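Open the model in your viewer and keep the selection box at hand. This tour goes stop by stop, saying what to select and what you will find there.

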Amino acid sequence: MNRLLSRWHGESPLQLLLLAASFALAGYAGVRLLEGDAWGVAAWFVGAALVHDLLLVPVYSLADVAAQKALGDRSRTAMTYVRVPAFLSGLLLLVWFPLITRAREDHFVLVTGHSGDAFLPRWLLLTAALFAASALWFVAVTFLAPASPWRQARRARREERARERERERQRRKETNERPPSDH
């Protein structure tokens, strides 16, 4: 049975079970979400998809191209260290957007009794911390790791200098052992 399932599905039965469970959960959430105002929720989803595809994807692409040009030759590996904190910061902005922009501050104060003034500075601080941690990780991987390209190039230069010194020492030794040519 396992072989037949693996041949049909291509992965393990556990992966298929988890996939089915996630679809069931998403279906349940969709049914619950559409219970109240189905047309409003559907319009929101369609609008969000259109805004994302027509407005945000070109912005993402332009920002990615600009960052790749700024990073130069190492852009393939280095871009990960820019994309990950940018994605996490954007995700946090998306989740907390009404409170960061203070669009729903009155509702937040009414429900919690606390001011919503701290959301923008905390989001900015968290974004700065994400980019700082990513920059530190980039420096550690690029310059401090034993297998880093920077260390390998440095090691190759050191070995080349040692070979050059050895060749020079060998030339001196050969010239000291030969008699002068004018005798």
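**Stop 1: the whole chain**

Start with everything selected. This is a predicted model. Colour by secondary structure: eight helices and zero strands appear. Followed along the sequence, the pattern reads α-α-α-α-α-α-α-α.

Now switch on the surface. The chain exposes about 15100 Å² of accessible surface, and carbon and sulfur atoms account for 67% of that. How much of the chain is buried? Of the 183 residues, 10% are buried. Take the contacts between residues at least 6 apart in sequence: 29% of them join residues at least 24 apart.

**Stop 2: helix α5, the covered side**

Select residues 80-100, which make up helix α5. Pick out Ser89 in this helix. Is Ser89 buried or exposed? Its relative accessible area is 6%, under the 20% cut-off, so Ser89 counts as buried.

Which residues does Ser89 touch, once neighbours within four places in sequence are set aside? Select Trp123, Thr127 and Leu130 to see these contacts.

Keep Leu130 selected and add Ala86. Ala86 also belongs to helix α5. In sequence, Ala86 and Leu130 are 44 residues apart, yet their C-alpha atoms lie 8.3 Å apart in space. Ala86 is partly exposed, because its relative accessible area is 37%, between the 20% and 50% cut-offs.

**Stop 3: helix α5, the nonpolar patch**

Stay in the region and select Val84, Phe87, Leu88, Leu91, Leu94, Val95 and Trp96. Together these residues form a nonpolar surface patch with about 690 Å² of accessible area. Zoom in on Val95, a member of the patch that sits in helix α5. Val95 has a relative accessible area of 52%. The cut-off for exposed is over 50%, so Val95 counts as exposed.

**Stop 4: the loop between α6 and α7**

Move along to Ser115. You will find this residue in the loop that links α6 (105-112) to α7 (119-144). Ser115 is partly exposed, at 42% relative accessible area.

Add Glu105 and draw a distance between the two C-alpha atoms. The reading is 7.5 Å for Ser115 and Glu105, which are 10 residues apart along the chain.

**Stop 5: helix α8, the positive patch**

Select residues 149-177 for helix α8. Then show the side chains of Arg151, Arg154, Arg155, Arg157, Arg158, Arg161 and Arg165. These arginines form a positive surface patch. Centre on Arg154, which lies in helix α8. Arg154 is partly exposed, because its relative accessibility is 36%.

**Stop 6: helix α8, the salt bridges**

Side chains of opposite charge can pair when their charged atoms come close. How many salt bridges does the whole structure hold? A full search finds eight. Three of them are worth a selection here.

- Select Glu160 and Arg163. Their side chains form a salt bridge, with N and O 2.8 Å apart. The two residues are three apart in helix α8, so about one helical turn separates them. Both are partly exposed: Arg163 at 41% relative accessibility and Glu160 at 36%.
- Select Glu164 and Arg167. In this salt bridge the closest N and O atoms are 2.8 Å apart. Here too the spacing is three residues in helix α8, or about one helical turn. Glu164 is partly exposed at 36% relative accessibility, and Arg167 is partly exposed at 37%.
- Select Glu168 and Arg172. Their salt bridge spans 3.7 Å from N to O. Glu168 is partly exposed at 29% relative accessibility, whereas Arg172 counts as exposed at 52%. The pair is four residues apart in helix α8, so the separation is about one helical turn.

Finish by selecting Glu160, Arg163, Glu164, Arg167, Glu168, Arg171 and Arg172 together. What joins these residues into one network? Salt bridges that share partners do.

Key. Residues are numbered from 1 along each chain as its sequence is written. This is a predicted model: local features need pLDDT of at least 70, side-chain atom pairs count only at pLDDT 80 or more; totals for chains, interfaces and linings use all residues. Side-chain values use heavy atoms; hydrogens and water are left out. Patches are made of residues with over 30% relative accessible area and no salt bridge: like charges are joined within 9 Å, nonpolar side chains (Val, Leu, Ile, Met, Phe, Trp, Tyr) within 5 Å. Accessible areas come from the Shrake-Rupley method with a 1.4 Å probe; for residues, only the protein chains shown count as cover. A salt bridge is a side-chain nitrogen of Lys or Arg within 4 Å of a carboxyl oxygen of Asp or Glu. Lys and Arg count as positive and Asp and Glu as negative; His and the chain ends are not counted. The place of a charge is taken as NZ of Lys, CZ of Arg, CG of Asp or CD of Glu. Buried means under 20% relative accessible area, exposed over 50%, partly exposed in between (1.4 Å probe, protein chains only). Contact means heavy atoms within 4.5 Å.
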